[in-house]
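Student: I should like to request a close look at one part of this model, followed by a connected account of its surroundings.

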Amino acid sequence: MAELKHRIELTMEHRDLILQYGYVSGRLETALRRWPKGQAIRRVCMTGAELHLLIGDLSHSYNHDKAGRDSEAVWELCEHLEYAQRTGDGDLDISW
């Protein structure tokens with residue numbers, strides 16, 4: 001099994017956007033769906049491949065205007081995920 005080397009902080013809004021505009025399955029989908037009620041931010045672990053595919057899925061939804069009114073939020077989420085992929089820093093910016 002691939003190493004879960006990316007630890008990404010996500011908000012509940014991020015989770016909803018990923019489930020709506022990304023194509024997640026398996027372990028990652030289970031981790032997102034088991035979000036504790038009332039928890040605003042959660043750290044989710046991902047493999048490099050999962051993160052790469054998730055960024056691609058969300059970028060596709062944004063670039064092909066499939067995100068509709070959520071376009072800006074999807075773009076910002078992509079930026080967060082790409083930064084985490086580049087730097088290894090999955091922490092949310094204070095402005096989240």
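Student: Is Glu82 buried, partly exposed or exposed, and what is its relative accessible area?

Tutor: This is a predicted model, and the description below should be read with that in mind. Glu82 is partly exposed, because its relative accessible area of 25% falls between the limits of 20% for buried and 50% for exposed. Glu82 belongs to helix 4. Apart from neighbours within four places in sequence, Glu82 is in contact with Ile55 and Ser59. Along the chain, Glu82 stands 12 residues from Asp70, and the C-alpha atoms of these two residues are separated by 18 Å.

Two further residues of the helix may be set beside Glu82. Trp75 also lies in helix 4 and is partly exposed, with a relative accessible area of 41%. Between Trp75 and Thr87 there are 18 Å from C-alpha to C-alpha, for a separation of 12 residues in sequence. Glu76, likewise found in helix 4, has a relative accessible area of 32% and is therefore partly exposed. The C-alpha atom of Glu76 is 15 Å from that of Gln20, although the two residues are 56 apart along the chain.

The next matter is how helix 4 meets helix 1. These helices pack at an angle of about 100 degrees, and their axes are 10 Å apart. Since angles of 65 to 115 degrees count as roughly perpendicular, helix 1 is roughly perpendicular to helix 4. Helix 1 contributes Glu13, His14, Leu17, Ile18 and Tyr21 to the contact, while helix 4 contributes Ala73, Val74, Leu77 and His80. Sorted by class, the residues of this contact are six nonpolar, two polar and one charged.

Helix 1 (residues 12-21) also packs against helix 3 (residues 48-63), here at an angle of about 80 degrees and with the axes 10 Å apart. This pair, too, is therefore roughly perpendicular. On the side of helix 1, the contact is formed by Leu17, Ile18 and Tyr21; on the side of helix 3, by Leu54, Asp57, Leu58 and Ser61. Five of these residues are nonpolar, one is polar and one is charged. Leu17, Ile18 and Tyr21 thus take part in the contact with helix 3 as well as in the contact with helix 4.

The loop between helix 3 and helix 4 holds Asp65. Asp65 has a positive phi of about 55 degrees although it is not a glycine. Most residues other than glycine have a negative phi. With a relative accessibility of 59%, Asp65 counts as exposed, because the value is over 50%.

The helices share a nonpolar core with the strands. The largest nonpolar core has 23 residues, of which Leu10, Ile18, Val44, Met46, Leu58 and Leu81 touch the most other members. Two or more residues come from each of strand 1, helix 1, helix 2 (26-33), strand 2, helix 3 and helix 4 (71-87). The largest share, six residues, is given by helix 4. In soluble globular proteins, nonpolar side chains tend to be buried together. Met46, one of the core residues named above, has contacts beyond four places in sequence with Glu3, Leu4, Lys5, His6, Ile8, Leu10, Arg27, Leu28, Leu51 and Leu54.

The strands complete the picture. Strand 1 (residues 6-11) is mostly covered, with five of its six residues buried. Strand 1 pairs with strand 2 (residues 41-46) in the antiparallel sense over six bridges, and Ile8 has Val44 in strand 2 as its bridge partner. His6 is placed in strand 1 and is buried, because its relative accessible area of 9% is under 20%. Beyond four places in sequence, His6 is in contact with Val44, Cys45, Met46, Thr47, Gly48, Leu51, Ala84 and Gln85.

Arg7, also in strand 1, is partly exposed, with a relative accessible area of 46%. When residues up to four places away in sequence are not counted, Arg7 touches Arg43, Val44, Cys45 and Gly90. The C-alpha atoms of Arg7 and Thr47 are separated by 9.0 Å, with their positions 40 residues apart along the chain.

To return to the request, Glu82 is a partly exposed residue of helix 4, the element that gives the most residues to the largest nonpolar core.

Key. Residues are numbered from 1 along each chain as its sequence is written. This is a predicted model: local features need pLDDT of at least 70, side-chain atom pairs count only at pLDDT 80 or more; totals for chains, interfaces and linings use all residues. Side-chain values use heavy atoms; hydrogens and water are left out. Axes are lines fitted to C-alpha atoms, for helices over the stretch in contact, and angles run from 0 to 180 degrees between N-to-C directions. Helices (H or I, at least four residues) and strands (E, at least two) are DSSP runs, numbered from the N terminus. Angles under 35 degrees count as roughly parallel, over 145 as roughly antiparallel, 65 to 115 as roughly perpendicular and the rest as oblique. Contact means heavy atoms within 4.5 Å. Ala, Val, Leu, Ile, Met, Phe, Trp, Tyr, Cys and Pro count as nonpolar, Asp, Glu, Lys and Arg as charged, and the others, Gly among them, as polar. Buried means under 20% relative accessible area, exposed over 50%, partly exposed in between (1.4 Å probe, protein chains only). Two strands pair if DSSP finds at least two bridges between them. A nonpolar core is a set of buried Ala, Val, Leu, Ile, Met, Phe, Trp, Tyr and Cys residues joined through side-chain atoms within 4.5 Å.
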